[in-house]
Amino acid sequence: MSLAKPLEGKVGIVTGVANKRSIAFGIAKAWHAAGAKLIFNYQGERLKDGVIKLVKESFGEDTPVCALDVSDDQSIADFFSFVAQHTDRVDMLLHAIAFAPKAPGTLEGHFSDIPRDAFNLSLQISAYSLIALARGVAPLMTNGGSITALTYYASQKVVPNYNLMAVSKSALETCSKYLAFDLGRRENPIRVNCISAGPVQTLAARGVSGFTGMFKVYEEKSPLQRSCTLEELGATATYLASDGAASVTGQVIYVDGGYEIVGM
């Protein structure tokens with residue numbers, strides 16, 4: 001490892017890349033620039049060709065990419081079998097997976113209208129998936145490792161229209177803390193942290209009603225008078241995956257221009 005390439009020699013799994021504006025893609029670029037070898041997933045046939053093309057063009061033709069459906073235990077098992085064919089060790093994993101189906105109250109309207117099946121599906125994909133992926137990657141983290149998940153401030157305070165995804169992010173953060181306690185006591189400790197990103201113009205974010213108005217609020221209220229960039233999120237994720245964060249676990253790191261500290 002060098003100061004210029006703090007992840008040199010490390011192997012990382014990046015989940016959740018959908019396009020070049022994805023936070024996951026920004027973090028993948030930072031990890032790659034820091035010297036890491038990366039393995040990617042795609043979710044479903046609809047995204048397959050676009051994700052594979054983006055990954056191969058950005059990180060090299062030999063970069064492994066495999067299907068992964070976190071709602072299916074067999075798909076998870078098959079994915080980690082694929083990973084094991086390409087490396088005998090994994091050092092870090094990025095969890096950038098979240099989903100809330102279109103239904104009354106999920107991402108707009110009355111929170112009390114959220115259907116039971118939509119609630120269960122969002123919690124399963126957005127939060128339980130962290131447990132499932134941690135369980136799958138742990139045997140490959142033979143030298144210890146780092147798991148980083150993406151969350152948002154709405155897990156702690158009400159953000160109108162974030163609704164069901166806010167509940168899922170709250171669950172995700174709690175899962176990360178219990179996993180940090182559980183996996184940190186292994187012979188080869190695994191650290192688990194969350195990055196709470198401010199608003200970023202991603203395809204997923206634009207699905208939240210009123211999302212564009214959040215940028216104006218951050219410009220007016222946050223200490224730095226702005227949110228954050230993909231490059232800044234990548235730098236934070238690189239730190240968390242590096243040896244420099246060897247004693248950092250169970251934390252939620254806010255990368256949001258300081259908005260989280262403001263009361264009014």
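A residue is described here as buried when its relative accessible area is under 20%, as exposed when that area is over 50%, and as partly exposed in between (1.4 Å probe, protein chains only). The structure is a predicted model, in which local features need pLDDT of at least 70 and side-chain atom pairs count only at pLDDT 80 or more, whereas totals for chains, interfaces and linings use all residues. Residues are numbered from 1 along each chain as its sequence is written, and side-chain values use heavy atoms, with hydrogens and water left out.

Helices and strands are DSSP runs numbered from the N terminus (H or I, at least four residues, for helices; E, at least two, for strands). In helix H1, residues Ile23, Ala24, Phe25, Gly26, Ile27, Ala28, Ala30 and Trp31 are buried; because these amount to 8 of the 11 residues of H1, the helix is largely enclosed by the rest of the structure. Gly35, which follows H1, has a positive phi near 105 degrees.

Helix H7 comprises 12 residues (230-241), for which a span of 16 Å is expected at 1.5 Å a residue, in agreement with the 16 Å that separates its end C-alpha atoms; the expected span is 1.5 Å times one less than the number of residues. Its buried residues are Leu233, Gly234, Thr236, Ala237, Thr238, Leu240 and Ala241, and what covers them includes helix H1 together with strands S4 (92-95), S5 (145-151), S6 (190-197) and S7 (252-255).

The structure holds 4 salt bridges, a salt bridge being a side-chain nitrogen of Lys or Arg within 4 Å of a carboxyl oxygen of Asp or Glu. One of them joins the side chains of Asp243 and Lys10 at 3.4 Å, N to O; because Asp243 lies in the loop between H7 and S7 and Lys10 in the segment before strand S1 (11-14), this pair ties together parts that are 233 residues apart in sequence. Asp243 is partly exposed, with a relative accessible area of 44%, whereas Lys10, at 15%, counts as buried. Another salt bridge links Glu57 and Lys53 at 2.8 Å, N to O, and these residues, 4 apart in helix H2 (residues 44-59), are separated by about one helical turn. Glu57 is exposed, with a relative accessible area of 56%. In the salt bridge between Arg89 and Asp91, the closest N and O atoms are 2.9 Å apart, and both residues are buried.

Lys10 and Asp243 also appear, with Asn143, Gly144 and Gly145, among the residues nearest the centre of the second largest pocket, which is lined by 13 residues. A pocket is an open set of points on a 1 Å grid over the protein atoms alone, where a 1.4 Å probe fits, with protein on both sides within 12 Å along at least five of seven lines; lining residues have an atom within 4 Å of a point. About 150 Å³ of space lies in this pocket, the volume being the space filled by probe spheres set on the points.

Two asparagines that are not glycine yet have positive phi values were also identified. Asn161, with phi near 80 degrees, is placed in the loop between S5 and helix H5 (163-183) and is partly exposed at 22%. Asn163, with phi of about 40 degrees, is placed in helix H5 and counts as buried at 11% relative accessibility.

Technical notes: Contact = heavy atoms within 4.5 Å.
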